[in-house]
Amino acid sequence: MPKINQKNEIQDVYKMLCSFLDKYQWHYEKEEENGIVRYGVNGEDLPMTFIIEVDKEKELLRLVSPFPFIIEENKRVEGAIITSYANYKIANGCFQYNYSQGNILFTMTSCFQGSFISEPFLYYFIIYSLNVVEHYNDKFMMVSKGLLSVEDFVKNE
């Protein structure tokens with residue numbers, strides 16, 4: 001099978017991503033020249049921010065969701081334990097935890113080199129990420145504030 005022109009393929013993936021967000025009437029900001037979209041979602045407990053990049057060099061979608069709080073300095077060890085445990089429990093993506101600064105990001109990537117991105121895939125990619133962030137962000141914050149112990153966090157997962 002002949003290789004599709006990389007530039008057109010990248011543009012098609014970016015257009016499909018924007019069309020998907022338009023279809024579901026999500027409001028987002030575009031950085032078309034960088035292949036980036038940014039959007040926010042109001043969760044049950046905390047607001048969530050998502051950034052999706054269509055990476056031209058690696059031919060992949062990269063999603064990042066920074067948490068809107070940092071783990072308190074006296075709870076950084078607990079932060080390491082709960083993010084590690086959450087990573088063990090989730091099927092796709094991962095939490096990146098910066099111990100020295102206390103910040104947490106959820107990240108997920110998917111390579112599309114030599115394949116096609118479909119709307120069902122985008123639905124899974126976006127909604128799965130949203131569900132994971134929504135499920136964990138308030139629990140991580142509660143551990144950080146001392147309102148939930150690591151033991152209770154693990155027990156309730």
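In this predicted model, Tyr123 has a relative accessibility of 41% and therefore counts as partly exposed. Its aromatic partner is Phe20, which at 4% relative accessibility counts as buried. This is one of the 19 aromatic pairs that the structure holds. The centres of the rings of Phe20 and Tyr123 are 6.4 Å apart and the ring planes stand at 75 degrees, so the pair is edge-to-face. Because Phe20 belongs to helix H1 (residues 6–23) while Tyr123 belongs to helix H3 (residues 119–144), the contact ties together parts that are 103 residues apart in sequence.

Helix H3 also takes part in a second pair, formed by Phe140 and Phe153, whose ring centres lie 5.9 Å apart with planes at 40 degrees, so that this pair is tilted. Here Phe140 sits in helix H3 and Phe153 in helix H4 (residues 150–155), and the pair links distant parts of the chain, 13 residues apart. Phe140 is buried, with a relative accessible area of 0%, and Phe153, at 1% relative accessibility, counts as buried as well. Both residues belong to one aromatic cluster, whose other members are Phe67, Phe69, Tyr85, Tyr88, Phe95, Phe106 and Tyr136.

Tyr136 leads back to the course of helix H3, since H3 bends by about 25 degrees at Tyr136. The helix has 26 residues and reaches 37 Å from its first C-alpha to its last, which is close to the 38 Å expected at 1.5 Å a residue. Just after H3, Gly146 takes a positive phi of about 80 degrees.

Charged side chains make up the next part of the picture, and the structure holds 7 salt bridges. In one of them, the side chains of Arg38 and Glu31 meet at 2.8 Å, N to O; Arg38 counts as partly exposed at 32% relative accessibility, and Glu31 counts as partly exposed at 22%. Another joins Arg62 to Asp55, with the closest N and O atoms 3.0 Å apart. Of these two residues, Arg62 is partly exposed, with a relative accessible area of 23%, whereas Asp55 counts as buried at 6%. Together with Glu53, Asp55 and Arg62 are linked in a network of salt bridges.

Helix H4 carries a further salt bridge, between Lys155 and Asp152, whose closest N and O atoms are 3.5 Å apart. Because Lys155 and Asp152 are 3 residues apart in helix H4, they are separated by about one helical turn. Lys155 is exposed, with a relative accessible area of 64%, while Asp152 counts as partly exposed at 31% relative accessibility.

Definitions and conventions. Residues are numbered from 1 along each chain as its sequence is written. This is a predicted model: local features need pLDDT of at least 70, side-chain atom pairs count only at pLDDT 80 or more; totals for chains, interfaces and linings use all residues. Side-chain values use heavy atoms; hydrogens and water are left out. Rings of Phe, Tyr and Trp (its six-membered ring) pair if their centres lie within 6.5 Å; planes under 30 degrees apart count as stacked, over 60 as edge-to-face and the rest as tilted. Helices (H or I, at least four residues) and strands (E, at least two) are DSSP runs, numbered from the N terminus. Buried means under 20% relative accessible area, exposed over 50%, partly exposed in between (1.4 Å probe, protein chains only). The expected span of a helix is 1.5 Å times one less than its number of residues. The bend at a residue is the angle between axes fitted to the seven residues ending there and the seven starting there. A salt bridge is a side-chain nitrogen of Lys or Arg within 4 Å of a carboxyl oxygen of Asp or Glu.
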